[in-house]
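Below are my notes on the model, set out as numbered points for discussion. Please read them alongside the coordinates.

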Amino acid sequence: MTPFKAFSRNTAKARVFIAALSVSGTLLLAGCSSGYETEEKVLLTKGLVTELEEVSAGEYKITNETAIDDTSGSQVIAHHLSGKIDTLSMQEVREQQHQGGSSYHSHGMGGALMYGMMGYYLGRSLSSPVNPGAYRNQSTYNRVANSTGRTITNSAVRTTVRRPSSGSSGFGSGRSTRSFGG
Amino acid sequence: MVPAVLAQADQHVLSVDKRILFTADLPTSHWKKLGLQWFVGKDMDYLTDEMLGVWPEEIQAYKEASNELYELYERAAQHIIDKRLWHRVGIPANAVRLIEHTWENRHQHVHLYGRFDLAGVIDGKPAKLIEFNADTATVMPETTVVQQEQLKAANMAMDQQFNQLDLYLSAQFRRLAERNPNKVPQILLSTLGHEEDNLNADVIARAAVHAGFGVRHTPLEKVIFSPEDGIFVQVGRDDYLPFDFWFKLIPWEFIAFEEPALMDILIKIVLNDLAVIVNPAYTMLFQSKGMMAILWELFPNHPLLLKTTVSAQDFRGEAYVQKVIFGREGENINILDEHNRYMGFNKGDFGNFPSIFQAFEELPSDKNGEYYQAGIYWSGQPAALSFRRRDGYIIDTDSEFISHYILEA
């Protein structure tokens, strides 16, 4: 599941400050002890595969977007004018988004991805609509918006993100050497 | 596709050898494409190009056995809880409260699934319980995916296999959501990190998604447990996602014995209804092989049970199997014949637990000396069948997985 911030609404009555969480150990409460900070977020529970085509040198348009069950299987498939096809995982897309430059912005993929459905996975708010201009043509936009768009938005879950007032982690570390099934 | 010899065969005494159907050997690349390369990796001789034929009446016998055994387990669990027989089933003091609470509230704390391992049936003998993997049963990717792929490769129809685990797991997840109406249907799935366990958790995730749950995988060590606020995953510098449901492919006895601090937090989380954990804590009781001695006491000579006690003295002149109450994957098992000579033994990681002693029951076998153990999944109802075989009496990690197909008369 890809969590991202759709809108930030701070409903906290009492602010709580949490010390840095170590990999193993206890989350310490440094501030006051009652209540915790909450924030509403939207979680996308479906994954997305976006296909792009380089329609003219350096200009990319979305040709298809498909919802998939597994959010970790999200990817971008780019068909370049040269005939080369690139398949990028979300990790790679995000890296390029952050690094900018070469194979992302100069290829003009960034804009199309950000203003299509994929934009929701890259940090754009779900309340901001998809831009038809990111798609190859109006019928592609209509088709994607009516099928995939509905699937993605209807399956998105609004959830309250909150900070635990205390907590522990690091249990069971170093125990991955055998199966615990049977 | 069914071998001609079967057409006129006498159904009731068909040997294992005559049931075997050779299928096309599916290439490694095929399993890779399905994300199952782990099962065909280096040094893995686990999947085969054979399938075992099972008559429809035998499928029925497996289903009835699992339903009836589940009822026996429920009755025995109530008995143990009423009489507080915790020491007899090896339940530590720190687990008692959570077992009692989840059992009393089992309408809410749904038992997602388990697997009964059985002897008998395909050799014409009555079904006998070898053990019940009630908490963290695995072999699910093989049962749900590998079996279906082999059936397809043999050009058989989907209904020529008893394989509804995906469907019934999903139904159990829907039940879990309905019975916890105030909880957000998002489930966190955790393992201790072993690839085999992760692949099994994927099967659970798939079923949860079909039932409308959002899913997220996070290994146990990264999960944050808060006694006041519940179960969380940190997703950003200051962002913590709460989860109302947690699936753990981590045995309850591991948590109770090896991570008692976590056990204490989980007790608070569940008792304060901050999260529902599957499988629920009472499956630790079901999982204990100590239960099988209690079952034999409560239902002596029940046709589905093997004589089971807590003393080797009860088996003078009889072959028996010694197992530790929280052993897994065929580890820490000794098999002795009627003259007390070893017929088989496995060492393992679980030698510190107390033992039970179970009458030795020979599994159905073929001409090559391979012994076949049936695994019948139970997920609110009988859900799927698959087999493992081994050229020895103990079905362990060196066994092979065997798909099945339903024979036609």
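1. Arg84(B) lies in the loop between H4 and H5 of chain B, where helices (H or I, at least four residues) and strands (E, at least two) are DSSP runs numbered from the N terminus. Arg84(B) has a positive phi of about 55° although it is not a glycine. Most residues other than glycine have a negative phi, and most peptide bonds are trans. The side chain of Arg84(B) forms a salt bridge with Glu100(B), with the closest N and O atoms 2.8 Å apart; the term stands for a side-chain nitrogen of Lys or Arg within 4 Å of a carboxyl oxygen of Asp or Glu. This pair links distant parts of the chain, 16 residues apart, since Glu100(B) belongs to helix H5 (residues 93–104) of chain B and Arg84(B) to the loop that follows helix H4 (56–83).

2. On provenance, this is a predicted model, in which local features need pLDDT of at least 70 and side-chain atom pairs count only at pLDDT 80 or more, whereas totals for chains, interfaces and linings use all residues. Residues are numbered from 1 along each chain as its sequence is written, chains are lettered from A and ligands numbered from 1 in the order in which they are written, and side-chain values use heavy atoms, with hydrogens and water left out.

3. A second backbone feature is the cis peptide bond that joins Val278(B) and Asn279(B), with omega about -10°. Asn279(B) is found in the loop between strand E11 (276–278) and helix H11 (282–287) of chain B.

4. In chain B, an open sheet of 7 strands follows the order E1-E2-E19-E18-E17-E3-E4 with mixed pairing, two strands being paired if DSSP finds at least two bridges between them. Its edge strands, each pairing on one side only, are E1 (20–22) and E4 (128–133) of chain B, and the twist averages 35° from one strand to the next. Helix H6 (residues 140–153) of chain B packs on this sheet, touching E2, E17 (371–378), E18 (382–390) and E19 (400–406), and its direction makes about 55° with that of E19(B); axes are lines fitted to C-alpha atoms, for helices over the stretch in contact, and angles run from 0 to 180 degrees between N-to-C directions. E1(B) runs antiparallel to strand E2 (residues 47–54) of chain B, joined by 3 bridges, and Phe22(B) stands opposite Glu50(B).

5. Another open sheet of chain B has 5 strands in the order E12-E16-E13-E14-E15, with antiparallel pairing. Its edges are E12 (308–309) and E15 (342–346) of chain B. E12(B) pairs with strand E16 (residues 355–359) over 2 bridges, and Thr308(B) stands opposite Gln358(B).

6. The interface takes 37 residues from chain A and 48 residues from chain B, contact meaning heavy atoms within 4.5 Å. The two chains bury about 3,600 Å² between them, 54% of it on carbon and sulfur atoms; buried area is the accessible area (1.4 Å probe) that two parts lose on being put together, summed over both. In chain A, Phe171(A), Arg178(A) and Phe180(A) lose the most area to chain B, together 22% of what that side buries.

7. Between chain A and chain B there are 4 salt bridges, while the structure holds 28 over all chains. The side chains of Arg175(A) and Glu258(B) meet in a salt bridge (2.7 Å, N to O).
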